[in-house]
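User: Could you take me through one part of this protein in detail, the packing of its nonpolar and aromatic side chains? I am in my first year, so please go step by step and show how that packing relates to the domains.

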Amino acid sequence: MSRSALVGNVTAMLEDAGFVVSDRCAIRPKSFDVAARRGEDLILVKILGNIDAFNEETGHEMRRLGTYLEATPMVIGLRSRDEDLKPDVVYFRHGVPVLSPDTAYNLFIEDVPPLIYAAPGGLYVNIDGDLLADEREDRDWSLGRLANELGVSRRTVSKYEDGMNASVEVAMELQDLFDAPLTSPVNVLDGADEVHETESTPDDPEADPDDERVVAVLTRAGYEVHPTLRSPFKAVSRDEDDADEDVVLTGHSEFTKAAEKRARIMSSIGHVTHTQSVYVVDRAKRESVDGTALVEREELDDLRNAAELRKVIRERSEHEEAA
């Protein structure tokens, strides 16, 4: 299957599941292909035939964006090396959960979350430790008795009851012993933190030298600016004095056909992520592109604070809608 067809299939699946899906980020480089929202659930999805193409830099950017946009970064892919990804298993690459299309279908369409995750050494599941302890005590079994049944140490059984995860083989033995499900699903939309501990959000990259002036002006106006390297926008900015205000996606370049294309993609992403967008240009003959406000660099220099920029964005977006 071509990657274009795979992206189309995944997008259609998300729409069938009730997600509002952004336009595809058909530009390079790109950290994600589409943004999608269903209610409070916002996901940023990278779609790949072979997940080995997902590198550390992209993973770090997706995790940063997940933090700034309150979204779950996710990869949907077909295989790793020459082996297909197993259904109903969550994999991880550079701190980002990875699903096969079948796993994503079961999660989003069938509302059946995966129970298994891959980690060094094999496949694992979450054990409900409290439930396991209750089942063991109902049988009047000691830790030692259960340890003998499983062929593990008493300390290991104690760790299972304290919340340590178990191999699939152990989970199946427990289910056979107690004739009851003792596992809990992997909560992919919460980043699967309970099964995959990652370091804190990776640090922001340095701003492109060409963008330093724009970053300086936004910072002076009271924005906390997070530069990006692999996104359709150059930065994600938030008003430092008012966290409840909308996040602003920011682009910057000469106003070319490519810039117009980026501005349109920013608008589509903003619609899904509930953010505003502004594109800073040297000269503009129009006020906005599909809701992305166009602001000339000299004009940006004159803005004194975040409230003035929000006003400009709002007025130019509303002017386009009225037209």
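Analyst: Let's start with distance: in this predicted model, the C-alpha centres of domain 2 and domain 3 lie 53 Å apart. Domain 2 covers residues 123-184 and domain 3 covers 211-322, while domain 1 takes in 3-114. Keep those three ranges at hand, as they help with what follows.

Now to the nonpolar packing. In soluble globular proteins, nonpolar side chains tend to be buried together. Here the largest nonpolar core has 35 residues, and Phe32, Leu44, Leu69, Phe233 and Val236 are those with the most contacts inside it. Several elements each supply at least two residues of this core, including the strands β3 (41-50) and β15 (276-281) and the helices α2 (56-69) and α9 (257-273). The most comes from α9, which gives six residues. Where does that leave the domains? Domain 1 and domain 3 each contribute at least three residues to this core.

Phe32 is a good residue to zoom in on. Leaving aside residues up to four places away in sequence, Phe32 touches Leu44, Val45, Met62 and Leu65, among others, and its partners also include Ser231, Pro232, Phe233 and Ile269. Try finding Phe32 in the structure and looking around it. Apart from this core lies another one, of 25 residues, with Leu6, Ala36, Phe92 and Leu189 among them.

Next come the aromatic rings, which form three pairs in the structure. One of them joins Phe19 and Phe108: the ring centres are 5.1 Å apart and the planes meet at 80 degrees, an edge-to-face arrangement. Phe19 sits in the loop between α1 (3-16) and β1 (20-21), and Phe108 belongs to helix α3 (residues 101-108), so this pair ties together parts that are 89 residues apart in sequence. Both of these phenylalanines are buried.

Another pair is made by Trp141 and Phe178. Their ring centres lie 5.6 Å apart with the planes at 50 degrees, so this pair is tilted. Trp141 is in the loop between α4 (129-138) and α5 (143-150), whereas Phe178 is in helix α7 (residues 168-178), so the pair ties together parts that are 37 residues apart in sequence. Trp141 and Phe178 are both buried. Trp141 has a further neighbour to look for: the charged end of Arg139 sits over its ring, 5.4 Å from the centre.

What does the record say about this stretch? An unreviewed UniProt entry places the feature "domain: HTH cro/C1-type" at residues 132-189. That span is 59% helix and 7% strand, and its end C-alpha atoms lie 25 Å apart.

Finally, here are two loop residues to compare with the packed rings. Most residues other than glycine have a negative phi, and most peptide bonds are trans. Arg81, in the loop between β4 (72-80) and β5 (83-84), has a positive phi near 55 degrees. Arg81 counts as exposed because its relative accessibility is 62%, and the cut-off for exposed is over 50%. His274, found in the loop between α9 and β15, also has a positive phi, of about 60 degrees. That brings us back to α9, the helix that gives the most to the 35-residue core.

Notes. Residues are numbered from 1 along each chain as its sequence is written. This is a predicted model: local features need pLDDT of at least 70, side-chain atom pairs count only at pLDDT 80 or more; totals for chains, interfaces and linings use all residues. Side-chain values use heavy atoms; hydrogens and water are left out. Domain bounds come from an automatic or database domain assignment. UniProt positions are given in the numbering used here, feature names are shortened, and annotations may be inferred rather than shown by experiment. Helices (H or I, at least four residues) and strands (E, at least two) are DSSP runs, numbered from the N terminus. Rings of Phe, Tyr and Trp (its six-membered ring) pair if their centres lie within 6.5 Å; planes under 30 degrees apart count as stacked, over 60 as edge-to-face and the rest as tilted. Buried means under 20% relative accessible area, exposed over 50%, partly exposed in between (1.4 Å probe, protein chains only). A charge sits over a ring if NZ of Lys or CZ of Arg is within 6 Å of the ring centre and within 35 degrees of the ring normal. A nonpolar core is a set of buried Ala, Val, Leu, Ile, Met, Phe, Trp, Tyr and Cys residues joined through side-chain atoms within 4.5 Å. Contact means heavy atoms within 4.5 Å.
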